[in-house]
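Trainee: I am new to this structure and would like to learn how to read it. Could you take me through some features, one by one?

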There are 2 protein chains.
Amino acid sequence: MSSATLNADTLAQKLADSGLRATPQREVVYNVLIKKRDHPTADEVFARVKSELPTISLATVYNCLETLVQCDLVRAVNFERGPTRYCPNLRPHAHFHDEQTGKTHDIDLPPTLLETVHSVLPRGFDASSVEIIFRGKATKSAH
Amino acid sequence: MSSATLNADTLAQKLADSGLRATPQREVVYNVLIKKRDHPTADEVFARVKSELPTISLATVYNCLETLVQCDLVRAVNFERGPTRYCPNLRPHAHFHDEQTGKTHDIDLPPTLLETVHSVLPRGFDASSVEIIFRGKATKSAH
DNA sequence: TTCATAGTTTGGAATAGTTCTAATTATCAC
DNA sequence: GTGATAATTAGAACTATTCCAAACTATGAA
């Protein structure tokens, strides 16, 4: 089973779990995110999807992205004024925002870190998720 | 020396350090942030400032906020689509975003936590700052 | 004090990103 | 296939922010 098929199955499955349909638009949007994991904006996704579905509309791209976020297949990321970016990495990870290039890198997190971070919450705060964002510069060695 | 005077001096000083002037607009905008630390949007700041400076313009509020951020007197916070929020808390802290009420709480961080978090960065990533955002619900006990 | 200069404020226009709306099209269950 | 429901589409509308040019203000030099 190819990786594309696997993705499609995962997608169809997860959508079905939420009572939603696996449409060509949703599949192509999802595949675009999987294929190049550079945290694209909706506009960038739109541009990439168009080569496969030339008649898709920007509104549909927004709809699809929103749907994928709802199904927990994709994370929406906002760390500054400016467009929302989309990330198909579901493992626990932080984001490193390179201030020179504007690029965003995923930083995998050791399993204990999120626990450690959660443990600083005082009584009365019940967090369902935590997000960690670094800002700085990445040297060439950090690809 | 009153706290307001102290703030004004701090402000004037920090602005001067950057070669900028301490104008009434900047002072009022800053005092509004200090007075009610509920992470207001630019529009909310605008509304609050108007009662003291009725002729101030929204553009000036944006300018002042930007200036205060540049001088490290205020932090701009973005954790979701929607307007930037402003926070005059300069101590190291995380933000807890209550999904029920929409309110944002500051969570003070133990001194070691930021180090611990930084330590997960692989070689080649040099972070100048890190931001931590929790999402969840806060019970009434968490004021 | 007066002037020149640079810094600041202002209102409105312009822009960017996103959401909304109403009409059309596709899909699923029967 | 038919009807009900879901999804897509184009464009209008909207929100947040930035840009712009003009007016205003503070500051330092003469």
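Mentor: Gladly, and let us start with a single residue: Pro54(A) is exposed, with a relative accessible area of 59%. Buried means under 20% relative accessible area, exposed over 50%, and partly exposed in between (1.4 Å probe, protein chains only). Pro54(A) sits in the loop between α3 (42–50) and α4 (58–70) of chain A. The C-alpha atoms of Pro54(A) and Val74(A), 20 residues apart along the chain, are separated by 23 Å.

Trainee: What should I know about the model itself and its numbering?

Mentor: This is a predicted model, in which local features need pLDDT of at least 70 and side-chain atom pairs count only at pLDDT 80 or more, while totals for chains, interfaces and linings use all residues. Residues are numbered from 1 along each chain as its sequence is written, chains are lettered from A and ligands numbered from 1 in the order in which they are written, and side-chain values use heavy atoms, with hydrogens and water left out.

Trainee: How many helices and strands does chain A have?

Mentor: Helices (H or I, at least four residues) and strands (E, at least two) are DSSP runs, numbered from the N terminus. Chain A has five helices and five strands, and along the sequence they follow the pattern α-α-α-α-β-β-β-β-α-β. The C-alpha atoms of chain A fill a box of roughly 45 × 35 × 35 Å along the principal axes. Of its 143 residues, 43% count as buried.

Trainee: Which residues have a positive phi without being glycine?

Mentor: His39(A) is one of them, with phi near 55°, and Asp72(A) is another, with phi near 65°. His39(A) is found in the loop between α2 (24–35) and α3 of chain A, whereas Asp72(A) belongs to the loop between α4 and β1 (75–77) of chain A. Their surroundings can be read as well: His39(A) counts as buried at 3% relative accessibility, while Asp72(A) is exposed at 52%.

Trainee: How many residues of each chain are in contact across the interface?

Mentor: Contact means heavy atoms within 4.5 Å. By that rule, 40 residues of chain A are in contact with 40 residues of chain B. Another way to read an interface is buried area, the accessible area (1.4 Å probe) that two parts lose on being put together, summed over both. Here the area is about 3100 Å², of which carbon and sulfur atoms give 60%. Arg81(A), Phe125(A) and Phe134(A) supply 19% of the area that chain A buries against chain B, more than any other three residues.

Trainee: Which strands are joined by bridges between the two chains?

Mentor: Two strands pair if DSSP finds at least two bridges between them. In this model, 13 bridges join β5(A) to strand β5 (residues 125–138) of chain B, and the two run antiparallel. You can follow the pairing residue by residue: Phe125(A) has Ala138(B) as its bridge partner, and Gly136(A) stands opposite Ala127(B). Within chain A, four bridges join strand β3 (residues 93–98) to β5(A), and these run parallel. There, His97(A) stands opposite Arg135(A). β5(A) is mostly covered, with ten of its 14 residues buried.

Trainee: How do I read a salt bridge, and how many cross the interface?

Mentor: Side chains of opposite charge can pair when their charged atoms come close. The rule asks for a side-chain nitrogen of Lys or Arg within 4 Å of a carboxyl oxygen of Asp or Glu. It finds six salt bridges across the interface of chain A and chain B, and the count comes to 14 over all chains. One of the pairs is Glu131(A) with Arg135(B), at 2.4 Å from N to O. Glu131(A) lies in strand β5 of chain A and Arg135(B) in strand β5 of chain B, so the pair joins two chains. Both Glu131(A) and Arg135(B) are buried. Glu131(B) and Arg135(A) also meet in a salt bridge, at 2.4 Å from N to O. Lys137(A) pairs with Asp126(B), their closest N and O atoms being 3.8 Å apart.

Trainee: What does a salt bridge within chain A tie together?

Mentor: Take Asp108(A) and Arg91(A), whose side chains meet at 2.9 Å from N to O. Asp108(A) lies in strand β4 and Arg91(A) in the loop between β2 (85–87) and β3, so the pair ties together parts that are 17 residues apart in sequence. Asp108(A) is partly exposed at 41%, and Arg91(A) is partly exposed at 48%.
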